[in-house]
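Reader: I should like a close look at a single strand and its surroundings. Please begin with the chain as a whole.

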Amino acid sequence: MKIAILSDIHEGLNRKRSGSDVFGLLQEWLDQHEPDVFIISGDMASGPEKSLGLLNRLQSGFPKTQVLYVHGNHDVYHEDAVDAYHKLLQFGGNLGNGPVDLNEEWVVIGDGGWYDYTLGMEEFTDEQFSAGQFNDFTWPDKIHVHWPENDRAITGKYLEKLENWLMANQEKNIILVNHFVPFAHFLQVKNDPAWDFFNAMMGSKGVGQLAEKYGVQKMIFGHIHTRYHEEYKGIDCICNPLGYFPHEWVHDTAHEEIGSTIKVIEI
Ligand SMILES: [Fe+2]
Ligand SMILES: [Fe+2]
């Protein structure tokens with residue numbers, strides 16, 4: 001079974017910046033490669049309406065490929081993040097709807113998740129992280145995402161949900177999918193507080209702890225626009241973002257970048 005993996009497509013932003021039909025190129029790639037499963041680990045576009053529309057187009061255009069998805073922070077840019085979350089559940093392949101069996105051995109479990117500052121520097125307080133401001137920069141989620149509870153409480157709910165699903169699927173090989181970073185190992189620490197402060201908003205150690213506790217085979221995430229594929233703590237960890245044009249891209253054209261970035265694994 002061939003599983004294609006990509007995150008952080010940021011469709012509108014990359015289309016505008018690169019002047020390329022990013023979504024059309026993605027469709028072209030799927031048409032040529034026909035993976036059995038396509039896992040998109042968040043940040044499809046900005047706001048739930050756009051992301052939902054693109055996901056539906058993708059799934060209806062490629063019925064032979066099972067499109068699975070978790071939301072990212074950009075997908076829930078909306079005046080009410082809970083509404084956005086539920087809107088995105090309308091996409092059948094949203095893992096927030098529940099685990100998806102790929103076959104008798106493998107199951108995919110996931111949800112978008114959030115961050116709870118457990119990957120943040122100890123020098124700062126929860127209040128500082130919660131305000132999300134360092135020098136003149138405000139973390140954009142603080143402006144564009146509106147949850148009814150604080151970041152820690154929101155993350156806690158995701159962790160609880162994921163743990164219940166993991167517990168119920170212990171007899172299977174598990175692929176765990178989350179938008180945010182599960183292990184501090186994958187963070188960039190620059191020893192510059194103007195950068196490192198925002199590592200608090202990169203993810204939650206809790207997801208990594210669940211991955212270890214329940215012995216998942218593969219952990220797929222995104223959010224940090226740095227590509228990783230390595231075994232860590234016995235888990236096959238894959239972070240495979242498209243990221244922002246141009247500075248995070250390796251190639252000059254969207255065609256080359258998309259074609260060379262999408263990762264295909266076999267199970
Ligand atoms: Fe992103
Ligand atoms: Fe993100």
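Author: With 267 residues, the chain would be expected to have a radius of gyration near 18 Å if it were a compact globule, and its 17 Å agrees with this (taken over C-alpha atoms; the rule is 2.2 Å times the number of residues to the power 0.38). This is a predicted model, in which local features need pLDDT of at least 70, side-chain atom pairs count only at pLDDT 80 or more, and totals for chains, interfaces and linings use all residues. Residues are numbered from 1 along each chain as its sequence is written, chains are lettered from A and ligands numbered from 1 in the order in which they are written, and side-chain values use heavy atoms, with hydrogens and water left out.

The chain holds ten helices and twelve strands (DSSP runs numbered from the N terminus: helices are H or I of at least four residues, strands E of at least two). Of its 267 residues, 56% are buried, that is, under 20% relative accessible area with a 1.4 Å probe, protein chains only.

The strand to examine is β2, residues 37-41; five of its five residues are buried, so the rest of the structure largely encloses it. In a regular strand, side chains alternate between the two faces of the sheet. In β2, Val37, Ile39 and Ser41 lie on one side, Phe38 and Ile40 on the other, and all are buried.

Strand β1 (residues 2-6) runs parallel to β2 and is joined to it by four bridges; pairing requires at least two bridges found by DSSP. Here Val37 is the bridge partner of Ile3. Strand β3 (residues 66-70) also pairs with β2 in the parallel sense, over five bridges, and Val70 of β3 stands opposite Ser41.

Terms used
Buried < 20%, exposed > 50% of the residue type's maximum accessible area, 1.4 Å probe, protein only.
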